[in-house]
Amino acid sequence: MNATTQKFNPERLMIIIQAPLVSEKSTYVAEKHEQIIFRVAPDATKPEIKAAVELLFKVQVQSVQVLNTSGKTKRKGRSVGTRGGYKKAYICLAPGQQIDFTAGQ
């Protein structure tokens, strides 16, 4: 554990990263800007996200950008509802670092 991950509760760090987002846009961002996109807990902060990625994947994180996405409005007949929104994080890794999701652990 490095100095960044020692500041936070390890159990909390394990539940911050929910899932990687895989889409056309995320693969484009990964190739062009060398960033990885994760869906994260709605109350997560940038330092917590950085510490969680460094703990889980054993890589050095250069920067974290966070985006709150609002839920889409959907309708079925006369009733109108809203899907839940979520928070996603764009993780920029240090040069020479990479996360391989295809390798088994």
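How do the residues of the lining of the largest pocket divide into nonpolar, polar and charged? Twelve are nonpolar, eight are polar and one is charged. The tour below starts at that pocket and moves outward along the strands; the model is predicted.

**Stop 1: the pocket.** Select Ala-30, Gln-35, Ile-36, Ile-99 and Phe-101, which lie nearest the centre of the largest pocket. The full lining has 21 residues, and the pocket holds about 410 Å³ of space.

**Stop 2: the elements around the pocket.** Now colour α3 (24-33), β2 (35-40) and β6 (86-93), the elements that each give two or more residues to the lining. Of the elements, α3 gives the most, with four residues.

**Stop 3: strand β2.** Keep residues 35-40 selected, which make up β2, and show the surface. Is this strand mostly covered or mostly uncovered? Five of the six residues of β2 are buried, so the strand counts as mostly covered.

**Stop 4: the partners of β2.** Add β1, residues 17-20, which runs antiparallel to β2 and is joined to β2 by three bridges. Then bring back β6, which also pairs with β2 in the antiparallel sense, over six bridges.

**Stop 5: Phe-38.** Finish by centring the view on Phe-38 in β2. Which residue stands opposite Phe-38 in β6? That residue is Ala-89. Toward β1, select Pro-20, which stands opposite Phe-38 as well. While the strands are in view, follow the side chains along them: in a regular strand they alternate between the two faces of the sheet.

Conventions:
Residues are numbered from 1 along each chain as its sequence is written. This is a predicted model: local features need pLDDT of at least 70, side-chain atom pairs count only at pLDDT 80 or more; totals for chains, interfaces and linings use all residues. Side-chain values use heavy atoms; hydrogens and water are left out. On a 1 Å grid over the protein atoms alone, a cavity is a set of points where a 1.4 Å probe fits but cannot get out, and a pocket is an open set with protein on both sides within 12 Å along at least five of seven lines; lining residues have an atom within 4 Å of a point. Grid points are joined across faces, edges and corners, and a volume is the space filled by probe spheres set on the points. Ala, Val, Leu, Ile, Met, Phe, Trp, Tyr, Cys and Pro count as nonpolar, Asp, Glu, Lys and Arg as charged, and the others, Gly among them, as polar. Buried means under 20% relative accessible area, exposed over 50%, partly exposed in between (1.4 Å probe, protein chains only). Two strands pair if DSSP finds at least two bridges between them.
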